[in-house]
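The following exercises train the reading of a protein structure step by step. Please work through each task before consulting its solution.

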Amino acid sequence: MISTVAQQHGPPSATALVAVRDLRPGDVLVAGDVRATAVPDNLAPPDQITVNDIVGRHVTGLVQDGEIIGRHRLLDSRLPAVLTGQSDARLVPVRPADDALAAFVRTGDLVDLLTQDAQVLARNAVVAVTPDADRAPPTESGTVLVAMEESDAHRVAAAGLRDPITFVLH
């Protein structure tokens with residue numbers, strides 16, 4: 001529980017939103033999914049958010065009951081920049097060449113993206129959102145949302161219209 005961690009790191013001096021239940025990737029948040037909790041400054045996310053900021057937003061990955069929720073856990077227009085550290089970053093839906101790959105990549109993984117003929121489209125892209133394997137039939141290809149710089153994003157998006165993309169995991 002987060003209060004145990006807070007007691008070990010010092011007295012609470014900041015407030016953070018904490019999940020009150022397990023949340024799955026893609027879940028749409030409602031106000032009742034979180035509670036404001038006092039935490040030490042070093043545990044508060046640098047991108048403070050309010051309950052109003054999260055309502056109607058999608059969770060990008062698994063969030064466990066009691067976990068602090070920061071902006072980096074929510075799908076929005078700022079997510080690519082937060083994940084990559086680049087202000088011009090974009091989020092691109094990518095269909096992996098290997099249907100099974102989507103089950104192996106996780107939010108936050110670094111990947112290089114290549115065409116099937118080994119042309120490098122993007123290096124050090126960050127996986128933002130992965131498909132929920134429990135919601136799709138195992139034979140169905142899962143699209144992965146990947147954050148990358150703008151010039152790479154356009155190249156990856158265009159290539160993805162023609163062919164699936166190969167992922168190289170770091």
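**Exercise 1.** In which loop is the place of Thr60? Determine also whether Thr60 is buried or exposed, and list its contacts.

Solution. Two remarks on the source come first. This is a predicted model, in which local features need pLDDT of at least 70 and side-chain atom pairs count only at pLDDT 80 or more, while totals for chains, interfaces and linings use all residues. Residues are numbered from 1 along each chain as its sequence is written, and side-chain values use heavy atoms, with hydrogens and water left out.

Step 1. Thr60 has its place in the loop between β3 and β4. Helices (H or I, at least four residues) and strands (E, at least two) are DSSP runs, numbered from the N terminus.

Step 2. The relative accessible area of Thr60 is 1%, so Thr60 is buried. The term buried means under 20% relative accessible area, exposed means over 50%, and partly exposed lies in between (1.4 Å probe, protein chains only).

Step 3. A contact requires heavy atoms within 4.5 Å. When neighbours within four places in sequence are left aside, the contacts of Thr60 are Pro25, His72, Arg73, Leu74, Leu75, Leu79, Thr107, Ala128 and Val129.

**Exercise 2.** Describe the location and surroundings of Arg71.

Solution. Step 1. Arg71 is found in the loop between β3 (58-59) and β4 (74-75).

Step 2. With a relative accessible area of 13%, Arg71 is buried.

Step 3. Neighbours within four places in sequence are again left aside; the contacts of Arg71 then include Asp47, Gln48 and Ile49. Asp53, Arg57, Asp76 and Arg78 are also in contact with Arg71.

**Exercise 3.** Which strands pair with β6, and why is β6 largely enclosed?

Solution. Step 1. Two strands pair if DSSP finds at least two bridges between them. Strand β7 (residues 120-129) pairs with β6 in the antiparallel sense, over four bridges. One of the bridge partners can be named: Leu114 is matched with Val120 in β7.

Step 2. The hairpin of β6 and β7 has five residues between the strands, and Ala118 takes a positive phi near 75° there.

Step 3. Strand β9 (residues 166-169) also pairs with β6 in the antiparallel sense, over four bridges. Here Leu113 stands opposite Phe167 of β9.

Step 4. The strand β6 is largely enclosed by the rest of the structure because four of its five residues are buried.

**Exercise 4.** Which residues are linked with Arg21 in a network of salt bridges? Describe each bridge of Arg21.

Solution. Step 1. A salt bridge is a side-chain nitrogen of Lys or Arg within 4 Å of a carboxyl oxygen of Asp or Glu. The whole structure contains five salt bridges.

Step 2. The network links Arg21, Asp27 and Asp33. Between Arg21 and Asp27 the closest N and O atoms are 4.0 Å apart, and between Arg21 and Asp33 they are 2.9 Å apart. Arg21 and Asp33 both lie in the loop between β1 (14-19) and β2 (34-39), so this pair ties together parts that are 12 residues apart in sequence.

Step 3. Arg21 is partly exposed, at 35% relative accessibility. Asp27 is buried at 13%, and Asp33 is buried at 4%.

**Exercise 5.** How far apart in helix α4 are Asp152 and Arg155, and how do their side chains meet?

Solution. Step 1. Asp152 and Arg155 are three residues apart in helix α4 (residues 150-162), which means that about one helical turn separates them.

Step 2. Their side chains meet in a salt bridge of 2.3 Å, N to O.

Step 3. Asp152 is buried at 10% relative accessibility, whereas Arg155 is partly exposed at 35%.

**Exercise 6.** Where is confidence in the protein lowest, and where is it highest?

Solution. Step 1. The pLDDT is the predictor's confidence in each residue, from 0 to 100. The protein averages 85, and 88% of the residues score at least 70.

Step 2. Confidence is lowest in helix α1 (residues 2-9), with a mean of 44, and highest in strand β6 (residues 110-114), at 97.

Step 3. The pLDDT stays under 50 over residues 1-8 and over residues 133-139. Where pLDDT is low, the predicted coordinates should not be read in detail.
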